[in-house]
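Let's take a walk through this one together, starting with the whole chain and then zooming in on its cysteines and one of its helices. Have the structure open as you read.

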Amino acid sequence: MTDSTVTLQDDSDRRLLLQEETRPAVESGRYKVTVTTEVSGSGVTAGGLPPASHELTVAGPRYALDAATVDTLYPPPGSSGDYRRTMAHLSLTEPTLPWQRDARASHASDTARPPWLALLVLSKGEAPINPDTGKATVQRTIKDFMDQCKAAQGEVLLPDLGEEELPKGLTNCSTIDVSAEVFTDVLPRRQEIGNLVFVRRVLDKDRLWADKTTAPATNNEHARALVLSARLPATPGPYSAHLVSLEGLGDYLDGAWPLKRGGTTIQQVRLLSLYSWSFHHAPDARGSFEDAVNELVDNNGDDAMLLRLPVPGGCAPNAKDSATGAAARRRLCAGYVPVTHRLSTGEETFAWYRGPFTPVTAEKLPRSPENLHYESDALAYDQAHGVFDVSYASAFTLGRFLLLSDPALNQALSVLRKDVHNTLHVALAQGAARQGPDGQGARTVMARALDAAAEAGTASSPRVARHLRVTGGARRDFETLLATRTARAGRGVPVGKAPQQTHTDAARLQDTRTALRAAAQLPASNALAALVSHVVDQHVPALDEALCARRLLAALPLDHLVPDRRMLPPESIRFFAVDGGWLSVMLAGALRMGQATSLDHAATTHLHTRLLQNANLPPSGMLVRSRVVRDWPSLIVEATVQGSNGSGSVLYNPPRRVAPDLLLVFFTQDPDQVVLRRPAEQPHYGLDGEQIVNLRDLSDPTTLGHASTSTCNKILDLRRTGCTSKKPTEVLTVLTTGTNPSPCLNRALCTALKDHGLWYTTAPDKDRRELTSAEQGLQLLDTTHRLVLKRANRGFAPTVAEEATP
């Protein structure tokens, strides 16, 4: 790693470091390790053991890249936008990868070790299309490609690759053929390749080294290798980007024309395409991040951005509305949508439906969830207008389906009910057997059992049951009751020596049944109800994990959240409140499945109460449907409130991607401001205007890369440098090498920085004639933008702001 490091700070207390390179400890290649041993000392004959040698191969990727190695791509694959000022680029998760091999010429010195990777942007027609696949790349076996390289002759140039063991599990590679003219004009020169490859690191402020030359090289958790293309689209149309290998081609990167190998003129060059994607340059498509967030502003600027259908005439009362029309307006403004509803008689009508996300704070539930046993219990009817409200009935039904779709959850509820029944049967039989039918015995025995279990630290429901069975010598009486019950159920005399049923036994059995039915109705202070609660409480942790608020929210189908697509059109942002009552009914629907007795109902009701106590539901949230979500997968969302101690985050949990272009965000409280911005570690690179680069200050090391290094209105006009060309097809602008055979763009930037007083003022940097790749990357770094949503009277007001620093 070289000493050149440029440091920038963004407004989230993070540092962006651009480094010239990060070389691996050992580059790919064949090595021979020789160990020699010498023995010396007084009285010892000088000499040693015979030397021992071992050959080994260090092999990084050579023929293809794993998809996981590629972190981000720009322009986004398949996108359409105005990319005439954008240098296509990709980032790699392995920061040493571009230097694991090299593109040295056979005559180069050991110190000239340019990276082996380059990014080519090709227009339609610059690479032959394979008629079988419709793509420019051709799939070949690695063995066939290597055989072609060994036998290379004639007018097709292939890389001169040395022998290397083929990678395990990889048999194919992709190649692309380009003409010798395209190869010469498009590929960066050998001395320029390194200027287009550098390392980008992101560190927290408290982890930044004070000395910029000692930035950490071992911590790669946020380190990415950046490979930039030197070409910018100039003509609308499709383009493809290819990360190609330059290994074995170093002798042909000096720009000589015509391209020759020995005395043979080369007509075509075959390159290894390690990774490729395509995009479409359309000047009117607005494909940049700035364009995307501006489109969001344009689509949402005149709207309160609340999740509901568009309401003709707005939500204010309209004197022209009839009673029915006014009621419909109130429903629409409250987030309801009309849906088809089939009555029990088979007739079809319409009903109102609203999901758990509402544009206004929801009213209280019309009925307590503990009184809901069927979905029909949750069905509401508006008698004044003869219309059903199916919102809570749908929630109840969805809860039932949730339980049916989760066998583990279903089993857990069955175990809970069985545990409650077993414990209560034992307890009531014990009390009835010992002290008669007055019911006091059951409560006394259970109170003592609970106290004893608590004192012993064993207050789990199975242990309480076991304690009840063996306490006070009541086991025999309990077994007698069970035998008597079996005899009645079997309509005959049970097999064996069952005790003869007596009036006392019958009374006790009847008392037990009566007590079981009454147990669920007893107040919480009663021992019976306390025992039910105690047993349920033992199961709450396991069930809370399966039925917590995050799980419930994640299980909701999108059509239940947004029942009409007009509520969330493309390129829109919608805020909502969360209706806790809706989710409470959904939970009740799940817990009521399999409920058969009043004891089950009591256990379920207590479980429902406990789960809601632990729910910690978010009060509000936001939905974003936009290509900003699709094209920038690492989009950052910040939600804050202003307090006496400054701003604080109110994000409930990390935003969840519901669909490729749809983001769901929850808040712990209503935010004062929400910001959407591109990650600081994912900046873009290119020009700032038509052939214009806004220069960034390098003159003051103490402020290098801080806020003062943002665009400073001093520019480089590339039209005056001779550093651009449009050969050979007049559709792409080549930035690196123009009429000047030296690294043209790099030296032009250096000259412009010196002319404007923005260059280093102290030795040895002030005498340099070229920028490092990190410094060139800084100059080509574009200005980032963010979408700011501030709370206003009617909702949120969107604006686009320019970041002060990258």
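What follows goes from the overall picture to the details.

First, a word of caution: what you're looking at is a predicted model. The chain runs to 806 residues, and 48% of them count as buried. Going along it, you'll pass 19 helices and 35 strands. To get a feel for how the chain folds back on itself, look at the contacts with a separation of 6 or more: 74% of these are between residues 24 or more positions apart. As for the outside, the chain exposes about 37,600 Å², and carbon and sulfur atoms supply 50% of that area.

Now for the cysteines. How many disulfides does a search of the whole structure find? The count is 1, and the partners are Cys-315 and Cys-333, with their sulfur atoms 2.1 Å apart. That fits the cut-off used here, which asks for cysteine sulfur atoms within 2.5 Å. The pair links distant parts of the chain, 18 residues apart. Cys-315 sits in the loop between α4 (289-300) and α5 (323-333), while Cys-333 belongs to helix α5. The disulfide is left-handed, because the torsion about its S-S bond is about -105°.

Are the two ends of this bond buried or exposed? Cys-315 is partly exposed, with a relative accessible area of 33%. Cys-333, on the other hand, has a relative accessible area of 10%, so it counts as buried.

Your eye may also land on Cys-149 and Cys-173. Why is there no bond for Cys-149? The closest cysteine sulfur is the one in Cys-173, and at 8.5 Å that is too far for a bond. Seen from the other side, Cys-173 is in no disulfide either, as its nearest cysteine sulfur, that of Cys-149, is 8.5 Å away. Both residues are tucked away from the surface: Cys-149 is buried, with a relative accessible area of 10%, and Cys-173 is buried too, at 1%.

Finally, jump ahead to helix α19, which covers residues 773-780. How many of its residues are buried? The tally is 8 of 8, so the helix is mostly covered, given that buried means under 20% relative accessible area. Among those buried residues you'll find Ser-773, Glu-775 and Gln-776, along with Gly-777 and Leu-780. Ala-774, Leu-778 and Gln-779 are buried as well.

How values were computed:
Residues are numbered from 1 along each chain as its sequence is written. This is a predicted model: local features need pLDDT of at least 70, side-chain atom pairs count only at pLDDT 80 or more; totals for chains, interfaces and linings use all residues. Side-chain values use heavy atoms; hydrogens and water are left out. Buried means under 20% relative accessible area, exposed over 50%, partly exposed in between (1.4 Å probe, protein chains only). Helices (H or I, at least four residues) and strands (E, at least two) are DSSP runs, numbered from the N terminus. Contact means heavy atoms within 4.5 Å. Accessible areas come from the Shrake-Rupley method with a 1.4 Å probe; for residues, only the protein chains shown count as cover.
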